[in-house]
Amino acid sequence: MRQASRLAHNFLPSGNKDSTEWLIAHGVIPGSYLQPEYTIVVVIHEILPVGMLQCNCSIFGDEQSREAIVVDPGDDIANITEVLDRHGLTVKAIVITHAHIDHIGGAAKLKALTGAPVYMNQNDAELYAHLDTQASWLGIQPPSRTEIDSEAREGDQLRLGETGFQILHTPGHTQGSISIWIPAENKLVAGDTLFRDSIGRTDLPGGDGRQILCSIHDKLLALPETTVVIPGHGSNTTIGREKARNPFLQGL
Ligand SMILES: [Zn+2]
């Protein structure tokens, strides 16, 4: 089952929707996989840059249960629901990597539309309480706020079908920053902790330059080097690439 999932990500051309039919049509998996004795698990994953700061919102969907996890619905909720509708997905959880407005601004709206609970680390509660101050930094109207339904703590695991999403607490950009590791998919959603060739800024309230380097060293660089990193902004990368080439991490 896992094999089919991994093959999907290795072989599907970008822009092509994950689908068992595509895999069979292109000979990646045999047609016999459609027989009832086989269960194919394919994790849908779309990355949508949202809002004026183009935060990467990740939409993960399970092809079997049609459930979804949405990470960082910062804005442009209509675009996010369009993706959900296109895949026929129901949101099971809304996960926030940290309480900066560009990552959390649309959470209340998405929760109101879907009824899904919001997960966020408790250490960013104060930052979220000051969403209006954050809006004033950007010169925009403050979006509505919502209750946080569940804490996202170090070691917590969410499940999407058979796929585990593990919460890593990676403070430094903010005190409640988390990263989400999906071992079966070989992916890490890093929020604003780690970027391609850069790391998150630490000059905003709650930031700590030493702490972010410790988080990256202890929690992220410890992951397999082939792990695909989806940062909070910009292009994907891998743990191995950043270990070798990220100028902020040399000598760690
Ligand atoms: Zn941020």
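## Close-up views of a predicted model

**View 1. Asp76 counts as partly exposed, because its relative accessibility is 28%.** The model shown in all these views is predicted. Asp76 lies in the loop between β3 and α3. Its phi is positive, about 55°, although Asp76 is not a glycine. Most residues other than glycine have a negative phi.

**View 2. Arg66 sits in the loop between β2 and β3 (67-71).** This residue also has a positive phi without being glycine; the value is near 60°. Is Arg66 buried or exposed? Neither label fits: with 27% relative accessibility, Arg66 counts as partly exposed. The cut-offs explain this, because buried means under 20% and exposed means over 50%.

**View 3. Strands β1 and β2 form a hairpin with four residues between the strands.** Strand β1 covers residues 43-50, and strand β2 covers residues 55-62. The two run antiparallel and are joined by eight bridges. Look for Pro49, which stands opposite Asn56 in β2. Gly51, in this hairpin, takes a positive phi near 80°. Why is β1 described as largely enclosed by the rest of the structure? Six of its eight residues are buried, so the description fits.

**View 4. Helix α3 crosses helix α5 at roughly 40°.** Helix α3 spans residues 77-87, and helix α5 spans residues 107-114. Their axes come within 10 Å. The helices are therefore oblique to each other. The crossing of α3 past α5 is right-handed. Which residues make the contact? From α3 come Ile77, Ile80, Thr81 and Leu84. From α5 come Lys109, Leu110 and Leu113. Sorted by class, the contact has five nonpolar residues, one polar and one charged.

**View 5. An open sheet is built from six strands.** Follow the order across the sheet: β7-β8-β9-β10-β13-β14. The pairing is mixed. Strands β7 (157-160) and β14 (237-238) are at the edges. Each has a single partner strand, so one side of each is left without a neighbour in the sheet. Strands of a sheet pair through backbone hydrogen bonds, either parallel or antiparallel.

**View 6. Strands β10 and β13 pair in the parallel sense.** Strand β10 takes in residues 187-191, and strand β13 takes in residues 228-231. How many bridges does this pairing span? There are four. To find one of the paired positions, start at Leu188. Its bridge partner in β13 is Val229.

Conventions: Residues are numbered from 1 along each chain as its sequence is written. This is a predicted model: local features need pLDDT of at least 70, side-chain atom pairs count only at pLDDT 80 or more; totals for chains, interfaces and linings use all residues. Side-chain values use heavy atoms; hydrogens and water are left out. Two strands pair if DSSP finds at least two bridges between them. Axes are lines fitted to C-alpha atoms, for helices over the stretch in contact, and angles run from 0 to 180 degrees between N-to-C directions. Angles under 35 degrees count as roughly parallel, over 145 as roughly antiparallel, 65 to 115 as roughly perpendicular and the rest as oblique. A crossing is left-handed if the near helix is turned anticlockwise from the far one by less than a right angle, and right-handed if clockwise. Contact means heavy atoms within 4.5 Å. Ala, Val, Leu, Ile, Met, Phe, Trp, Tyr, Cys and Pro count as nonpolar, Asp, Glu, Lys and Arg as charged, and the others, Gly among them, as polar. Buried means under 20% relative accessible area, exposed over 50%, partly exposed in between (1.4 Å probe, protein chains only).
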